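Here is a short briefing to read alongside the structure. Keep the 3D view open as you go through the points.

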Amino acid sequence: MHKTLGQGVGEIVHMTDQTAGDFMRDFRLRAKQQNAAFEVRDHPKSGGRFGRLETGVLRYGDENAQTVIFLTSGVHGAEQAAGSWCQFDLMDQGALDDLPNGIAVVLIHAINPWGAAAGRRYSEENVDLCRNFMTFGQAVPDPLDSYNALQPLFDAAPADAKDADAELAKFAAEHGVPAYYAAVMSGQYRDPDGIGFGGHGPTWARRTIEDIMLGHASNAKRIYALDYHTGVGPYAYGSIIGMQTGARLKRARQVFGDWVLSPRENPPAGFIDVTGHTTDGYEALFPAADVVAGVLEVGTFQQDVFIRRLLAEHRLTRAHGGESDHPDLACARRDLVSFFVPDDAHWRAYLRHRGAQAFAQILEDATREQD
Ligand SMILES: [Zn+2]
């Protein structure tokens, strides 16, 4: 099935089996046709097993803008396609061409290019970037007791996966699915090869995005940062998740609406809090600015499908290595990507609509705040 997105870039065709490398190339091709400053950050593993790997950065608008809007795709590599489509739409539809004075928009495309190319949630360091924006050097949290108890089952050899999954199902039945989900997802800073690893220091992706952001907004008074994600929430339903509390959460709700979900202040059932989220990192980077960070999440399938696929991919990566071409691993990674980016035109249309809406909400707020 072929789908063509956008106008004026007729040679770019989107296929359902498009690879991450295609998205990086498409961003580069589009970027060169935009009236915006374009820059590329080469990934240290570029030119290796996964070909050319790069983070693209495109800045529109006022050079001395006091308001800077960052729109970032691919924090979780396997979700890259969804973020790319949202960013491509803004570029193709000219949504960034006539920004109000004093406002700049910076597109950050594929901040985890290795993860995107591999089809992993994690970075090349096996790190979940939404656990990596910590102040390292200070004490980091210990893993949950449930993580410690279940870790041998998470890390089971692929041949033992069935038995391990049966044990994990027992745990979920006894302690509840939310407790099981928290054990897998809340993050840990101990096992570099374990699941949910938050890192022992800032990753390449974190260092790169911090450098990009400081370079584009060190003097800005107002900063918006939207990350595109998928896989959380009901199928084809878009939520904004606000990892802030207090006044900053209120501010996020002014921008995106009262229904911004808050895992920290009033967690919806099944949501867990985490440490080292990108939102924490963006706020820490600009202590003097008004920072409004939001995570756009468009839901896909059921949580138990996600955990099953995430674990299968994790075990095969442990067994064969992050860059192995083992057919079982390739299959597990395709399954993971198809969890995050369903092969469903209706889902994709909704995602793109929601992406455009979130940007419009930010721009409205930014324009209002300037007056
Ligand atoms: Zn994500």
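**A quick tour of the model**

Right after helix 6 comes Gly187, with a positive phi near 100°. Please keep in mind that this is a predicted model. The points below start with helix 6, then turn to a zinc site and a pair of helices.

**Helix 6 and its cover**
- Helix 6 spans residues 177-185, and its buried residues are Tyr180, Tyr181, Ala182, Ala183, Val184 and Met185.
- Among the elements covering these buried residues are helix 4 (145-154), helix 5 (161-175) and helix 10.

**The zinc site**
- The zinc ion takes its protein donors from His76 (ND1), Glu79 (OE, listed twice) and His229 (ND1), at 2.0 to 2.4 Å.
- Angles between the four donor atoms run from 56 to 144°, which makes the arrangement irregular.
- Along the chain, the donors are spaced as H-x2-E-x149-H.
- Glu79 and His229 bring together distant parts of the chain, 150 residues apart: Glu79 sits in the loop between strand 5 (67-73) and helix 2 (80-92), and His229 in strand 7 (residues 222-230).
- Glu79 and His229 are both buried.

**Helices 10 and 11**
- Helix 10 (residues 303-320) and helix 11 (residues 327-340) have axes that come within 9 Å and cross at roughly 150°.
- That angle makes helix 10 roughly antiparallel to helix 11.
- The crossing of helix 10 past helix 11 is left-handed.
- On the helix 10 side, the contacting residues include Val305, Phe306, Leu310 and Leu316, while those of helix 11 include Leu329, Leu336, Phe339 and Phe340.

Note on methods:
Residues are numbered from 1 along each chain as its sequence is written. This is a predicted model: local features need pLDDT of at least 70, side-chain atom pairs count only at pLDDT 80 or more; totals for chains, interfaces and linings use all residues. Side-chain values use heavy atoms; hydrogens and water are left out. Donors are N, O and S atoms within 2.8 Å of the metal (3.2 Å for Na, K and Ca); water is not among the atoms, so sites may look incomplete. Four donors count as tetrahedral if all angles lie between 85 and 135 degrees; four count as square planar and six as octahedral if opposite donors are over 155 degrees apart and all others between 65 and 115; anything else is irregular. Helices (H or I, at least four residues) and strands (E, at least two) are DSSP runs, numbered from the N terminus. Buried means under 20% relative accessible area, exposed over 50%, partly exposed in between (1.4 Å probe, protein chains only). Axes are lines fitted to C-alpha atoms, for helices over the stretch in contact, and angles run from 0 to 180 degrees between N-to-C directions. Angles under 35 degrees count as roughly parallel, over 145 as roughly antiparallel, 65 to 115 as roughly perpendicular and the rest as oblique. A crossing is left-handed if the near helix is turned anticlockwise from the far one by less than a right angle, and right-handed if clockwise. Contact means heavy atoms within 4.5 Å.
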